[in-house]
Amino acid sequence: MSASTITSSSLDSAPVPNQSSHLSDDKPSRPNRPKPSRLKLTYDIVMIIAISIDLLLISTDAVLMSDFSRHVAGWLTISDALIWYQNTLHDPLRTAGGFFTIFLIIELLLRWAVAIKQKIYYRWFFFPFVHWYEVLGCFPQLRALRLFRAVVIGRRLYQLGYQVLPQPWINRIKFYIDLLLEELSDRVILTTIQNFRQQLTNPETHKSLIESTIARNRNEIEAALLSVLRTELAPKLQELTAAAGGGSILASEMGNAIEEGLANTPELRRYLRMIPIAGSLIESQLQHVGHNIGENIVHALNKRLLDPQRLDSLMMAIASGIAKIDTDNSALDTLISSIIDDSLTEFEAQVKVQQWKHQDMLNL
């Protein structure tokens with residue numbers, strides 16, 4: 001086994017999630033890496049096969065040496081075969097496993113030495129931390145960690161375009177990994193939501209949450225209110241000035257009110273009737289003039305108050321005043337509590353939806 005082979009294997013078998021960017025020198029990104037040599041690929045394939053066989057033998061031996069296998073063998077009436085294995089093959093397999101462990105230790109030390117010589121990592125002692133699963137896998141009690149190296153080599157070969165496992169197997173493995181991660185994350189999120197609900201039952205915590213939320217978002221609240229006022233209220237006010245014939249509903253009603261007020265004033269009618277002949281005519285004209293005065297007043301007010309610039313200034317003042325509302329308000333507290341509770345309930349319902357059940361992998 002050449003030094004270049006050991007070096008390349010030690011580099012490429014490092015797990016991506018556990019290796020910090022400052023541990024090794026700058027390397028080109030994966031898409032720009034050259035194709036590995038045939039010798040390197042052969043070495044990786046041989047190692048993944050050897051590790052897989054070793055793990056298979058370890059698992060088989062552990063199962064056959066357990067009390068469960070003894071009970072099953074007695075139930076299937078194959079106790080003699082199990083006893084023959086335990087007396088004949090168990091010790092040789094343990095010896096073979098010990099030799100393989102020694103081989104892995106020597107191979108790991110050689111790769112460490114090559115890494116030190118070529119200064120692959122920033123410090124010489126970074127190697128065992130980067131390859132922690134290989135170091136721990138050398139211990140007999142932790143031999144199951146050797147599976148990590150097989151997975152890392154297999155993943156690297158798969159990324160290089162080599163089909164290590166059949167695609168249906170890979171799809172199913174990905175599915176169950178996603179299933180496990182989804183279930184774990186859902187449990188964490190639901191527990192967090194429950195804890196948050198319990199915190200909201202504390203009046204002090206609840207009040208502090210409302211105060212801090214409004215204080216942090218006063219500018220956004222003011223902008224949202226101003227947008228609503230400009231979109232909804234301003235057109236409604238301007239509609240009051242628009243009616244058939246160039247008048248307005250409000251102006252007409254104001255004129256009618258003044259005209260009715262003049263007509264219902266007995267003192268005015270008594271004084272006008274004291275004027276001979278022209279009294280009734282003056283009374284009629286006065287009511288008509290009052291009607292026109294009412295309409296003109298409304299039109300003048302609309303022209304001044306509903307001017308776009310003045311109306312926008314009014315909207316800004318209203319939005320600014322509402323945004324500075326006092327948080328010590330029972331109605332506001334109830335409203336925000338309801339919004340928070342509804343939001344948490346809806347979010348909780350979405351989290352409880354098990355997305356993996358909607359995939360075709362289970363054929364449900």
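**A lined cavity and a helix-borne glutamate**

Three helices, α4 (79-118), α6 (132-137) and α7 (146-159), each contribute at least two residues to the lining of the largest cavity in this predicted model. That cavity encloses about 90 Å³ of space, and the count of cavities of 30 Å³ or more comes to one. Its lining is made up of I51, L104, E107, L108, Y133, E134, G137, C138, L145, R146 and R149. By character, six of the lining residues are nonpolar, one is polar and four are charged.

It helps to set this cavity against the protein as a whole. The secondary structure consists of 15 helices and zero strands. Of the 364 residues in the protein, 27% are buried. The accessible surface amounts to about 24400 Å², and carbon and sulfur atoms account for 64% of that area. Among contacts between residues at least 6 apart in sequence, 73% link residues at least 24 apart.

A look at a single residue, E259, rounds out the picture. E259 sits in helix α11, which spans residues 249-263. Its relative accessibility is 29%, so E259 is classed as partly exposed, a class that falls between the limits of under 20% for buried and over 50% for exposed. Leaving aside residues up to four places away in sequence, E259 makes contact with Q287 and H291. E259 and G294 are separated by 35 residues in sequence, while their C-alpha atoms lie 8.4 Å apart in space.

Conventions. Residues are numbered from 1 along each chain as its sequence is written. This is a predicted model: local features need pLDDT of at least 70, side-chain atom pairs count only at pLDDT 80 or more; totals for chains, interfaces and linings use all residues. Side-chain values use heavy atoms; hydrogens and water are left out. On a 1 Å grid over the protein atoms alone, a cavity is a set of points where a 1.4 Å probe fits but cannot get out, and a pocket is an open set with protein on both sides within 12 Å along at least five of seven lines; lining residues have an atom within 4 Å of a point. Grid points are joined across faces, edges and corners, and a volume is the space filled by probe spheres set on the points. Helices (H or I, at least four residues) and strands (E, at least two) are DSSP runs, numbered from the N terminus. Ala, Val, Leu, Ile, Met, Phe, Trp, Tyr, Cys and Pro count as nonpolar, Asp, Glu, Lys and Arg as charged, and the others, Gly among them, as polar. Buried means under 20% relative accessible area, exposed over 50%, partly exposed in between (1.4 Å probe, protein chains only). Contact means heavy atoms within 4.5 Å. Accessible areas come from the Shrake-Rupley method with a 1.4 Å probe; for residues, only the protein chains shown count as cover.
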